[in-house]
Amino acid sequence: MKKRTATITAVGHYTPEKILTNADLEKMVDTNDEWIRSRTGISERRIMEKGATSDICVKAIEMLLANRKIEATEIDLIIVATVTPDMFFPATACIVQDKIGARNAWGFDLSAACSGFVYALVTGAQFIESGAYKKVLVVGADKMSSIVDYTDRNTCILFGDGGAAVLLEPSEDELYGILDHKLYSDGSGGGYLYMKGGGSLNPPTHATVDNRMHYLYQDGKAVFKVAVVGMAEVSAEIMERNKLKGEDISWLVPHQANLRIIDATADRMGLDHSKVMVNIDKYGNTTAATIPLCLSEWWQCGKLKRGQNIVMASFGAGYTWGAALMKWSLVNPEKP
Ligand code: UT7
C-alpha cells in the first residue's frame with residue numbers, strides 16, 4: 001500500500017507591532033545592547049499590548065486561510081502549541097475554533113514549550129497519515145510577555161510574543177511532506193526551566209505572587225549546555241538515518257533561543273550558515289512560534305522552494321527536543 005504523507009499546504013504568521021529594543025531594556029534592568037547581541041543574537045522583540053494568545057493565533061490563521069483560499073469551516077482539527085494559553089481551560093484551541101468560526105473542527109492544546117511546534121506538527125501529521133482527517137491546523141503561539149519577569153535580566157532580554165500557523169494536508173506525492181521525525185523528552189531537566197506557580201502544585205496565593213512564582217525561571221547556563229548538544233545531535237541523527245549530507249539540505253529551521261546554539265547545530269550538520277533560517281534578531285525567543293514564524297516569513301518572501309529538503313529542530317523546557325525532516329511542496333506565492 002502507498003504510504004500517505006502529510007505536507008504543509010499553507011502558512012501564516014503574526015507578530016505584534018510594539019517593539020521592545022535592547023536600548024529599552026537597558027532602561028529597565030542592568031544590561032546592555034552589546035551583551036545581549038553577543039550572547040544571544042537578539043536586537044529586539046515584539047510585545048502584545050492588548051489581547052491574548054488566542055488573538056495571536058487568529059491573526060496567523062487568517063493569513064493562512066487567505067493564502068490557501070479556503071474557509072475556516074473546512075478545517076478538521078486545530079492543535080495549538082503554547083505555554084501561555086489564554087487560561088488553564090478551556091483549551092486555547094477551542095477559543096480559537098470559536099473565534100475563527102471553524103464549526104467543523106475539534107481541537108486541543110499541546111504543552112511542550114519551545115518544542116511545542118515540532119511535537120504538534122508530528123502529532124498533526126499522524127491524523128493525516130492515518131487517513132482520519134484532511135485539514136489539520138498546527139499553530140505555535142506564545143504571549144511570553146505575560147509570564148516574563150521584567151525585573152530579571154537573566155530572562156527578560158530573551159523572550160518575545162508571536163505566533164504562526166501551518167496547514168497540514170495529505171500530500172499528492174508521498175515523496176513530499178514530513179518524511180521523518182525524532183522526538184525526545186527528559187523530565188529530569190524540569191527544574192532548570194519552568195514556571196513554579198499557578199498549577200496544582202503551587203496554586204496561586206498571595207505568597208506565590210510575592211515570591212514571583214508566576215514568572216518563568218531559567219538556569220540559562222545549565223539549559224545552554226544541554227540545548228547546544230541536544231539540538232545538534234538530533235539534527236545530525238535525522239540526517240544520518242536518511243543518508244543526507246549538508247549539501248542535500250536546503251534549510252535548517254532551528255528553534256530561536258540563542259544564535260550560538262543555532263550556529264553549533266549548523267556546524268554539526270555541516271551546513272553553510274547561509275542555509276539557516278534566523279530571525280532571532282527581530283523577535284527573540286517566541287517559544288512555540290519560532291519555527292513556523294521562520295517558515296511563514298521565508299515562504300512569503302519566496303525563499304522556500306518546492307522540492308527543498310528542510311530540517312526543523314528544537315530544544316526546550318521539559319526537557320523536550322526533536323527534529324523533523326520535510327520535503328517542501330508548497331510553491332512560491334504569486335508575485336504581483
Ligand atoms: O528556549 C528554550 C531553551 N532555552 C535556551 O536554549 C537558552 C539557553 N541559555 C542561553 O541561551 C544562555 O545561557 C543565556 C543567553 C541565557 C545566558 O548566556 P550565558 O553566556 O550562559 O551567560 P551566563 O548566564 O553564564 O552569565 C554570564 C554573566 C553573569 O555574570 P557573572 O556571574 O559572570 O559576573 C551574569 O550575571 O553575564 C551576566 N548576565 C548579564 N549581563 C548583562 C546575565 N544576564 C545578563 C544581562 N545583561 N541581561
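A residue counts as near the ligand if one of its heavy atoms lies within 4 Å of it. The model is a predicted one, so local features need pLDDT of at least 70 and side-chain atom pairs count only at pLDDT 80 or more, while totals for chains, interfaces and linings use all residues. Residues are numbered from 1 along each chain as its sequence is written, and side-chain values use heavy atoms, with hydrogens and water left out.

On that basis, 25 residues surround the ligand, and Thr31, Arg39, Lys221, Asn258 and Asn285 come nearest. By class, the shell breaks down into eleven nonpolar, nine polar and five charged residues (Ala, Val, Leu, Ile, Met, Phe, Trp, Tyr, Cys and Pro taken as nonpolar, Asp, Glu, Lys and Arg as charged, and the others, Gly among them, as polar). Several side chains offer an N or O atom to the ligand's oxygens. For asparagine 258 the separation is 2.7 Å; for arginine 153 it is 3.0 Å. Arginine 260 also places a polar side-chain atom 3.0 Å from a ligand oxygen. Taken alone, the ligand exposes 950 Å², and the protein buries 76% of that (areas by the Shrake-Rupley method with a 1.4 Å probe).

As for where the shell comes from, two or more residues each are supplied by helix 2 (33–40), helix 6 (153–156), helix 8 (220–241), helix 9 (259–269) and strand 12 (309–316). Helices (H or I, at least four residues) and strands (E, at least two) are DSSP runs, numbered from the N terminus. Helix 8 is the biggest giver, with five residues. The ligand sits between domain 1 (6–170) and domain 2 (177–327), because both give residues to its shell; the bounds come from an automatic or database domain assignment.

Away from the ligand, helix 5 is worth a look. Its 14 residues (116–129) should span 20 Å at 1.5 Å a residue, and the end C-alpha atoms are indeed 20 Å apart; the expected span is 1.5 Å times one less than the number of residues. Helix 5 is mostly covered, with ten of its 14 residues buried, including Phe117, Tyr119, Leu121 and Ile128. Buried here means under 20% relative accessible area, exposed over 50%, and partly exposed in between (1.4 Å probe, protein chains only). Glycine 131, with a positive phi near 90°, follows the helix.

Strand 1 (residues 6–14) holds threonine 9, which is buried at a relative accessible area of 17%. The side chains of threonine 9 and glutamate 169 are joined by a polar contact of 2.5 Å. Such a contact is a pair of N or O atoms within 3.5 Å; within protein, one must be able to donate a hydrogen and the other to accept it, and residues adjacent in sequence count only if both atoms are side-chain atoms.
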